[in-house]
Amino acid sequence: MLKRELLPDLFLDPSYSPLHKGGDAEGAQLSNKRFRHPLLPYLQFARGFNEATNTWVYQHQSLPETPVAASNVSWYSDTRGGIICEDMGTGKTCECLALIILTKRQMVQPPSEGELLPCVGTVASTLLTDLCDTSASSCSPTEQTLRSAPSLKFLAARTALLSCAESLRVMYDDGVLPVDIWRQLEPYPLYYWVNPLSESRLRRGASADFAFDISFKVYMSSSTIVVVPDNLVDQWVREKYKHVQDFGGLEMLKVDNSTNTIPEPQELIKYDLVLVSVSRLSKEYIPIDSKIGELGYSCRCYSRGFEQCVCDRRKVAAAYRSPLLRVHWKRLIVDEGHIMSCRNAARSLIAAYLIAERRWVCTGTPTHNLVHATSAMSTDTQSQSPTTTEESNCNSSSAESLDTITMSDSIGSATARTYRMNVRESSSDFLQMGVLVSKFLRMEPFARSTSAWTSIMVQPYKRGDPAALSRLRALMQSIMVRNRPEAIGNDVQLPPLHEKAVVLPPTHHQALTYNTAIAFFHINAILTERVGRDYFFHADNKKHLRQIVDNLFQACFWFSISLNHIQDGIVNGLHALELWEQGNKPYSDDDVSLLRKCIAELQRAANDPEWAYIVQADSVGYWVKGLPPRLAASLFCSPPKPEIATDTNDTAKLATLPQLRDGLVSVKRMLATADDDLPPSSANVSPSEFEQLRSAKVVGCTSSKVAYLIEQLLYYHQHEKCIVFASSQSEVIIVGDALRLARVPHL
């Protein structure tokens, strides 16, 4: 990370591609080997670059097969930053803190006058300071008039600030610079002026006075700003106090939603680390007036329908910048930085306005598919895995299932999909990576044009250009920084990881739900004859198909289906059969057989009183055993609830979550006069009912996954820390409700 910041590499101009590797001069191979970049021929060290260290021969896309020496090829400077791709729990936060401590004395390099700062404006001055000649101000007016030249002390102090401010801080930290001198210089930080108008707009006629009115100061600093999600702010604070010494460590400022006013830039630059939450940063975003240039011309407010001139108000708004945007930060770090790939979000827009010399994205998941795409396609770009079909065998011991019907029956061979890493899987990753590389990291040549990433990287990749694949791999290997798993294993002995796949047969009610969802697929495919916009797999129905498939996954956990949809499916299926019998529909015999099975399955689900009741409750059903008859009668008052036989010839009642909560309230009311384990003294509960209540319990639920999870958590939670990952918010809610019933403390 330090090397990428202080000595960035050279990245090959994408208009060139490697042709072949030249030979080494005799005796030069060993001496030049250590000076050669490991990612040649696409990257090259910035120092020690010559034809001896890079023997590759290149060709330009306009002149193929014409050899060009490496020294005559165009190279771009790599970005001073990158993407930190460490796995979760392997120390991304500690690495960032170590980098900040290691470089906390370093100050940003000042931009040159006239330089264009992306998304900000044009540098309108050289470095300045507000240091004044105190010796002249202490003189009398007459002496000040006679004294036209500044004092030698003032000239020395001003020159020291403008030329070696970084060295002055190092000298002060090391005890070389006297404290009294440092205290005289510290209140006068360096800054430069930025004009939000580009030079071209100024040349087109905007006045110099107007340009000065909307210009703003940007203060030089050695500070690092870290943007973190709201729920990780406290973790960064804990990690800082855990790993960094209090004396001589880091001066840190936390800015979150509890911070009403952000300090001025002169105060911000006094901190080594400024920690900002994502939501608080988003609040600082104010859209910049895209027509700010017209304010420098004659007023046009009245011609646009305004009752009064608003130019002054627009000028004030144009000149305002958040304190965070008026600091030239040494480093910008975004934790969980994949959130910055959403180009139109407020957090991404204001992050683009931040002026930072070095930029880092800290995330364990920079892309979903591209990381594996390069290795997969480089092995065999034409290889394909066997066709996969959705297996929907929902057999269980308590119910018959549509085990003979699979998803491939309705999709057909024409639409059966094969998996390989293609453009469809990686298109979203390309967009995400392109935004990070061009907009956030600002890596050339992709940062200069919005279409550069598409034309240079994406389109050649889509065409299957081998050079594009190699260029993508080299780019990712260059900007992505991480420790290898074997290196982590050598330094840190993690506990052994044991993985176990548990296959759970569905319950009777889960099988009914899953099979009804499958039946809807088949009925839709048959009735639409697998063509047209009503077909689930039509190109225009991607959004709806994604939702339906998601419902199918939810059915493996627990999913509530409307009975009205079940009835509609039965009616539509019977009507289709009637049309086929009348000869109005050309369904095949296989489709007719499949349609009859689907209708039968929907009817079986609709006629099941247990399933019909529980799917309407939007809750997992729980089997409760051992309740006193009087409490059971009040709990299950309407409508009559199903019962199941247990191994003790008792009966268990099927109840929803709201009913169980009401039951707990009733039990507390009945036991209001009870004292610990003694039977109540009032007539609320008889001794036999009291004993029954002591042994009553929930014996199961209608979701085998929920039942398995609760069983395992009840077994382990007393002595182990447990974490449960879920794929949707509904699963989190269901598991949380079950844990509350089981009285397992959880977050």
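The following conversation goes through a sheet, a pocket, a cavity and the nonpolar cores of a predicted model.

Reader: What makes β1 and β6 a pair of strands in the antiparallel sense?

Author: Two strands pair if at least two bridges are found between them, and strand β1, residues 10–12, is joined to β6 over 3 bridges in the antiparallel sense, so the requirement is met. One of the residues concerned is Phe11, whose bridge partner in β6 is Tyr76.

Reader: Why are β3 and β6 said to stand at the edges of the sheet?

Author: The open sheet has 3 strands in the order β3-β1-β6, with antiparallel pairing. Because β3 (43–44) and β6 (75–77) each have a single partner strand, one side of each is left without a neighbour in the sheet.

Reader: What makes the space lined by Cys119, Val120, Phe216, Arg321, Leu325 and Tyr353 a cavity and not a pocket?

Author: In a cavity a 1.4 Å probe fits but cannot get out, whereas a pocket is an open set of points. The space that these residues, Cys119 and Tyr353 among them, line is the largest cavity, with a volume of about 40 Å³. Counting cavities of 30 Å³ or more gives 1.

Reader: How do you know that the lining of this largest cavity has 1 charged residue?

Author: Asp, Glu, Lys and Arg count as charged, and Arg321 is in the lining, so Arg321 falls in the charged class. The lining divides into 5 nonpolar, no polar and 1 charged.

Reader: Which residues lie nearest the centre of the largest pocket, and what is known of its lining?

Author: The largest pocket holds about 1400 Å³ of space and is lined by 27 residues, of which Leu709, Cys722, Ile723, Val724 and Phe725 lie nearest its centre. Two elements, α29 (704–716) and α30 (729–741), give two or more residues to this lining, and α29 gives the most, with 6 residues. By class, the lining has 17 nonpolar, 4 polar and 6 charged residues.

Reader: Why is a group of residues such as Ile83, Leu324 and Trp329 called a nonpolar core?

Author: The name is used because such a core is a set of buried residues of certain nonpolar kinds, joined through side-chain atoms within 4.5 Å, where buried means under 20% relative accessible area. The largest core has 63 residues, of which Ile83, Leu324, Trp329, Trp453 and Ile479 touch the most other members. Helix α19, residues 466–479, gives the most to this core, with 7 residues. A second, separate core of 46 residues includes Ile570, Leu595, Leu693 and Leu713.

Technical notes: Residues are numbered from 1 along each chain as its sequence is written. This is a predicted model: local features need pLDDT of at least 70, side-chain atom pairs count only at pLDDT 80 or more; totals for chains, interfaces and linings use all residues. Side-chain values use heavy atoms; hydrogens and water are left out. Helices (H or I, at least four residues) and strands (E, at least two) are DSSP runs, numbered from the N terminus. On a 1 Å grid over the protein atoms alone, a cavity is a set of points where a 1.4 Å probe fits but cannot get out, and a pocket is an open set with protein on both sides within 12 Å along at least five of seven lines; lining residues have an atom within 4 Å of a point. Grid points are joined across faces, edges and corners, and a volume is the space filled by probe spheres set on the points. Buried means under 20% relative accessible area, exposed over 50%, partly exposed in between (1.4 Å probe, protein chains only).
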